[in-house]
Amino acid sequence: ICSWCLTDINMSSQIKLIYGFILFLLLLVFSLPVSATIQKNNHSENNNTAKNLYLSLKKNNLKAIYHYLSVYQQEHQADPLLIIFSQAKLAYLNQRPGVAIGLYNTILQQKPHFFAAQLELARSYRADRQIGNALLLFRELSQHLPVTSPHYPEITRTITELTRALSWSLLLSAGSHYTDNYYQTPLPKAHCLHYNPDGSCYASLIPQIPHAVLQWRSDWDLRRLTPLSGSHFLTQHYRVSTRYDAANQAANTVTLTAKTGYHYQDRHTLWQLTPLLEQHFSAGRRFSSAYGLQTYLNQQLSPEWSLGGLAALRQHRYQPGLNSHNGTEYQLIPQITWHPHPAATLYLQAETTVHKKNDPYKHYRTAALHTGMTYLWHPSVSQSVHAVYTRKRYHHTHPLHRQAREDLTRQYSTTLALYPPSFAQISPQLSLIHTRNRSSVPWLYSYRQTEIMLRFERLF
């Protein structure tokens, strides 16, 4: 009996060991998928946090960056460069560009060709008023960036703004315009404008013959922004313009313009308030002057849309023989701009102007609609097309005209501009402009004009 008992005990202990070993294997098999699932979930959560942090950085969402960065920093597999980049972005959005510059430079020491860090560093240089460093870095980025990049328009616009804020620009243009007054009176007769009571002619019109005129223009332009504090600047704009008309054999206009005022600019808003002073000279004598106040506002609604406008008030004063032209001008110009493609820009602009003169017969108002598109075919070639429709209406009927004057003007133009990388930084521009004016006093004011102009612009 005892031998059987011992045999039974040994068998039961062996069975228990087998069952225990099988149970251990089952637990091990089931625990591995659970562990893998937990690790997978943790990795997915890490990816979601990094993705949300990236989207917050792209949208410049300050609160979201703070939130996701605090969560991401606690993860074991967090990317240290992403953390530094986020800290730099927070410093930039909190208007601490000096701190952002140091952090972005730390990233670029490890990854010298990290485009996002280079672009943000250039923006930080500009915010820190290091215009030279910002301009150098933006130019370097533009040389390696394709035209189709969504950042290309911003970089090219910024380069132009910074260049104009630092230096002079010279614009020389020469061309010819052909004018055809197709309502002219046939030669050799003259059209009588006003008759005396006895029937004799008091004033007559010598009709205009269709002709081509050669002319040239020059514009010296200086725009400078002087930093005050943060987003506040002192803006200065000085311009000297001359125009020579071969038909008159004299420089018929020389214009001096000076504007100095307040300039505010942040990432989405640009606002200027500037007093204005202009002096016009003809044949060495002062012809007229104007002074007033001008304000400009531009609001970036989204990366594709912006809304802006200009309002101006001017007082015009002419030489003693032309006192009847003295008066006040009110102007309002709203504009909306759309960037449907990185290389394309479309705009729609409305304009209304009221001129009040000393002579009530010279009171008039204009309403105009401007539209156009600019397309960058290549980093060195751009083309623009514009159309302007204007209605000009006088308030009173002039006794010489015998009816109220109203002009409807249509103007179409296209310009081809070249921006060669070398050639002394001279940019040639070829323009073709066609204008048709239809007046209610056709024998005096209706005309057609075609103008061809070649311009050369040099930035110093």
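## Helix H2 and its buried face

Let's start with helix H2, residues 62-72, whose buried residues are Ala 64, Ile 65, Leu 69 and Tyr 72. Looking down the axis of H2, these buried residues fall within an arc of 120°, so they line one face of the helix. The spacing fits a simple rule: an α-helix has 3.6 residues a turn, so residues three or four places apart point the same way. Keep in mind throughout that this is a predicted model.

## Two loop residues with positive phi

Just before H2 comes a backbone detail to look at. Asn 60 sits in the loop between helix H1 (2-59) and H2. Its phi is near 55°, a positive value in a residue other than glycine. Is Asn 60 buried, partly exposed or exposed? With a relative accessible area of 22%, Asn 60 is partly exposed, because the buried class stops at under 20%.

Gln 95 is another case: its phi is near 60°, again positive in a residue other than glycine. This one belongs to the loop between helix H3 (80-93) and helix H4 (97-110). Gln 95 has a relative accessible area of 64% and is exposed.

## A loop residue and its distant partner

Thr 148 is in the loop between helix H6 (131-143) and helix H7 (152-166). At 57% relative accessible area, Thr 148 is exposed. Which residue, 195 residues apart from Thr 148 in sequence, is 6.5 Å apart from it in space? That would be Ala 343, with the distance taken C-alpha to C-alpha.

## Strands S9, S10 and S11

Now for the strands. S9 and S10 run antiparallel and are joined by twelve bridges. Within that pairing, Gly 309 stands opposite Pro 334 in S10. S10 (residues 327-341) also holds Ile 333, which counts as buried at 14% relative accessibility. Ile 333 and Tyr 296 are 37 residues apart in sequence, and their C-alpha atoms are 9.4 Å apart in space.

On to the next pairing: S10 is joined to strand S11 (residues 344-357) by eleven bridges, and the two run antiparallel. How many residues lie between S10 and S11 in the hairpin they form? There are two residues between them. The bridge partner of His 341 in S11 is Ala 344.

## Strands S14 and S15

Strand S14 (residues 406-418) pairs with S15 in the antiparallel sense, over eleven bridges. Gln 411 stands opposite Thr 435 in S15.

S15 spans residues 426-439 and has a covered face and an uncovered one. On the covered face are Ser 427, Gln 429, Ser 431, Ile 433, Thr 435, Asn 437 and Ser 439. The uncovered face has Ile 426, Pro 428, Leu 430, Leu 432, His 434, Arg 436 and Arg 438. Here is the general pattern behind such a split: in a regular strand the side chains alternate between the two faces of the sheet. Thr 435, which Gln 411 stands opposite, is among the covered residues of S15.

## Aromatic pairs

The structure holds eight aromatic pairs. One of them, Phe 287 with Tyr 318, is edge-to-face, at 5.8 Å centre to centre and 85° between the planes. Why does this pair tie together parts that are 31 residues apart in sequence? Phe 287 lies in strand S8 (residues 285-300) and Tyr 318 in strand S9 (residues 305-318), so the pair links those parts. Phe 287 counts as partly exposed, at 33% relative accessibility.

Ring pairs also link Phe 85, Tyr 104 and Phe 114 into a cluster. Another aromatic residue, Trp 216, lies in strand S4 (residues 211-229). Trp 216 is partly exposed, with a relative accessible area of 39%. Trp 216 and Leu 454 are 238 residues apart in sequence but 9.2 Å apart in space, C-alpha to C-alpha.

## The second largest pocket

Finally, a pocket. The second largest one has a volume of about 200 Å³. Which residues line the second largest pocket? The lining is His 325, Lys 357, Tyr 361, Lys 362, Tyr 364, Lys 392, Tyr 394, His 396, His 398, His 401, Arg 405 and Tyr 445.

By class, the lining has four nonpolar, four polar and four charged residues. Tyr counts as nonpolar here, so Tyr 361, Tyr 364, Tyr 394 and Tyr 445 go with the nonpolar class.

Technical notes
Residues are numbered from 1 along each chain as its sequence is written. This is a predicted model: local features need pLDDT of at least 70, side-chain atom pairs count only at pLDDT 80 or more; totals for chains, interfaces and linings use all residues. Side-chain values use heavy atoms; hydrogens and water are left out. Helices (H or I, at least four residues) and strands (E, at least two) are DSSP runs, numbered from the N terminus. Buried means under 20% relative accessible area, exposed over 50%, partly exposed in between (1.4 Å probe, protein chains only). The arc is that of the directions from the helix axis to the C-beta atoms. On a 1 Å grid over the protein atoms alone, a cavity is a set of points where a 1.4 Å probe fits but cannot get out, and a pocket is an open set with protein on both sides within 12 Å along at least five of seven lines; lining residues have an atom within 4 Å of a point. Grid points are joined across faces, edges and corners, and a volume is the space filled by probe spheres set on the points. Two strands pair if DSSP finds at least two bridges between them. Rings of Phe, Tyr and Trp (its six-membered ring) pair if their centres lie within 6.5 Å; planes under 30 degrees apart count as stacked, over 60 as edge-to-face and the rest as tilted.
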